[in-house]
Amino acid sequence: MARGGSKRGNRGGGNRHGNKKGSKRNDRSNAVRSEPWSTIPRTNDYYEAYYSQGGFMGYDELTKMWEYMKTDLPTSWRFTGTKTDALAVRDIFKERYIPRIAATEWEGQPVQPPEPVSAFPDELTWHMKTDKKVIRRNKQFAEFQKFLVAETSSGNISRQEVVSMVPPHFLDVKPGMVVLDMCAAPGSKSAQLAEMIHGDEEDRVQMAASSNAHDMSDKSGDYSDDGRSTGLLVANDTDYKRAGMLVHQVKRLNFPNLIITQHDAAAYPSLEIPAGPAGGKKKYLKFDRVLADVPCSGDGTTRKNTNVWQKWTPKDALGLHGLQVRILIRGLQLLKKGGRLVYSTCSMNPVENEAVVADAIRQCGGVSKVTVVNCDDHLPNLIRRPGLKTWKVMDMSSVLLEDKKPHMFTSWEKFEEVRESVKDENRSFSRNMTPGMFPPTNMSEEERIPLENCMRVYPHLQDTSGFFITVLEKKEDIKVAQVPSKTEEESGLTETQNGTSLSRAGSKRQRSEGADESQSPKRVKTSFTNGTEPDIVATEDTQTPVTTNVDAKMSANGAVKDEKDTKEIFKKLNRNGQPAQTEFFEYLAPDDPTIKNITDFFGISARFPRNRFMVKNKEGIPANKIYYTSELAKDILTMNKDRGVKFVHCGVVTFMSHKVKDTDNPGAKWRLQDDGIRILEPWAAKRIITLKSKATLHKLLIEMFPIMPKDGKHKLDDVGDQLAEMDVGCCFLKIEKSDGGDSMPFPMVLPVWRHPGSINLMVSNEDRLALLLRFWDELNPPIINHVKDKQAAKEAALAVEDQETALAVEGQEMVDIEDK
Ligand SMILES: C[S@@+](CC[C@H](N)C(=O)[O-])C[C@H]1O[C@@H](n2cnc3c(N)ncnc32)[C@H](O)[C@@H]1O
């Protein structure tokens, strides 16, 4: 046991504030030095003392770590989307911006251009270490920043911390897999997982669609739905606002195999699925892969959230441990036998990491049921350290001095020491400690949990944040011995003001506020009932196994006991005391007349499923948007919507109603949406326009409503010739990949509207500008709007009897930005 007094020195050693010129970090390159961005003092006695007390790393390495901790984090991002698109956008970035930035100087020194992060394959992840001041003031960086912003909103680039990209890589997700992301907001890892489930689906679908019969299509498991991925991502977060951020983040991927829910992950509901052709007993979904990127104290994010320096206290980790264990156990229950779960935190504290892993494995029945996978062969370029086998647990103690503030910290090696110390009535520390926070002891060689297989990424190893990652494999169905919350409650821990135990207060705080790499951890407000003698001797109870098989059930306090109980639990989980609200949705019948009209108009193959279209308004059709989902997503939504499962998002918009008077064809009154156009296009036989010339695309981008007179004299090359033959309505504009000087690096498909006297590419202004920047290096080019001048446009519209255009002029613009 180690004890320390109040104001301790800087145990981490090294540079206290990290902003002295000439630090080691600044010597690493000849490029412009990075000055700290924030003026917050980068020091905290307790924080530095805890990690300096031995067990983490040697003195020299620790000194290096603190040095890095006190500097700003490099900006990082990854190229996303399907691989071909991502590689093409990456190449444009490399060829255009790297040489320009490399050729510039700042105050007589060369500017350091962005570099690929070697831990990840294919140069898809990059970081930029240059000082933010230089980035803000340098013209070449400014141009590059615009590219970054434009491609981020187009979904080709994702701004994400390097270490945050690691966990999905270790999940080893394949396209046909069913994956649960338990604590998913704001959604950067969900986006990675969605991309993995998608795989090379677009190529597979093209192949399947171009073959003439079902039996020619790809039937290999993962893509057995006519080339479409059969996988599914269920992304969940308990926090309403953060679930909204999650929707925003993943929506731009236009992924029909995605469901977003809002539940407490520790009591995540079992989702009912079809029983199979033979019928019989109810079936519940088990996941091939689970990501538990749990709420944590977040001290690994210190370089980004400099507030950690001011706010770090050992209580944060202690308050979160119980919730983290409960989430991990629930994740393991929901995992298929043989499946993989990745547990991760952006904290370096073993109480939130190795202790959680060990405690959960122990409660699940030991390493014969769940084991820690050795991942040495995976991502070999990612520098990491093995998990800890021993550690100390630190607590702040309130020696009740006059100001009633904590003045001491104490580090414990064994839970038994805690038991002795709490007899000291003048101290209020340790009331929230449980045996599971300590290193496992008394285990035989067979029982030993290989915690060394856990992975620790420290800031100094590759200039990142700190992170903890563990890969678990479920070898057998599990029985949970006991849940930690029960241990705490049974042990008679003192209570907070609102009557819940301290660890519950911690979990409540996380439920309402969240804590992740993008958020600074906040203190848990606790109020101890001083004078109450806590009884922490709960070890025996903790060891007593509860004999129910909880693989599909859970014996937690307030958690899932039985499938029938789920409704009650959902009610309990709703923070306002209101019954859980789910987003309304209704699937349309396969023979719905509107679907028939639309699919006939676009010549959609009979092989494209008609039973997966849904609306989100209670009146059904007339709806103004029609969504599409995958088959499994449909089954889950329909079978669980009356069970109280809180679905907050699902479906990709494929059709949008469009008021148009120039046609009597009911199918023409629906337009294709950029969101869902790629899902439909391979199956369409009508209204397809092929674009081969990049110059024509440029014209369509810089001109809105170019004239297409009835006499056929247009200036739109072969695209104009093809559109001239079309009736009023929406069309698929297929842009082909081409090589050579004026090349198009990847194929695209966009919606284009044929008016009686003009045409218009139906993309948002944002996407229009992003495409012009990506392919022509044009920053803010003037966009000609042929209907801008109201009067002239009205006349033009009348002249060509284009009622639609005239209406658009009244509203200034036809592009429906709101839907983007
Ligand atoms: C570390 S962040 C997750 C970051 C996310 N995986 C990503 O990559 O963007 C933890 C998240 O857990 C959520 N959370 C907190 N308590 C939770 C609970 N009991 N169940 C589910 N989510 C919870 C928080 O709202 C927060 O968004």
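Biologist: In this predicted model, which residues of the largest nonpolar core touch the most other members?

Modeller: The largest nonpolar core has 184 residues, and of these Ala292, Leu332 and Leu733 touch the most other members. Helix α12, residues 314-334, gives the most to this core, with 10 residues.

Biologist: What makes Leu341 or Ile478 a contact of Leu332?

Modeller: Two residues are in contact if their C-beta atoms lie within 7 Å. Leaving aside neighbours within four places in sequence, Leu332 is in contact with Leu341, Ala360, Cys364, Val370, Leu472, Lys474 and Ile478.

Biologist: How do you know that the span of helix α6, residues 139-154, agrees with what is expected?

Modeller: The expected span is 1.5 Å times one less than the number of residues, so the 16 residues of α6 should span 22 Å, and the end C-alpha atoms of α6 are 23 Å apart, which agrees. After α6 comes Gly155, whose phi is positive, near 90 degrees.

Biologist: Why is Phe144 of α6 called buried?

Modeller: A residue is buried if 20 or more other C-beta atoms lie within 10 Å of its own, and in α6 the residues called buried are Phe141, Phe144, Phe147, Leu148, Ala150, Glu151 and Ser154. The buried residues of α6 pack against β2, α4, α5, β7 and α25.

Biologist: How do you know that the buried residues of helix α23, residues 694-702, are on the same side?

Modeller: The buried residues of α23 are Leu697, Leu700 and Leu701. They cover an arc of only 100 degrees around the axis, and therefore they are on the same side of α23. What covers them includes β27, β28, β29, β31 and α25.

Technical notes
Residues are numbered from 1 along each chain as its sequence is written. This is a predicted model: local features need pLDDT of at least 70, side-chain atom pairs count only at pLDDT 80 or more; totals for chains, interfaces and linings use all residues. A residue is buried if 20 or more other C-beta atoms lie within 10 Å of its own, exposed if 12 or fewer, and partly exposed in between; C-beta atoms are placed from the backbone. Helices (H or I, at least four residues) and strands (E, at least two) are DSSP runs, numbered from the N terminus. The arc is that of the directions from the helix axis to the C-beta atoms. A nonpolar core is a set of buried Ala, Val, Leu, Ile, Met, Phe, Trp, Tyr and Cys residues joined through C-beta atoms within 7 Å.
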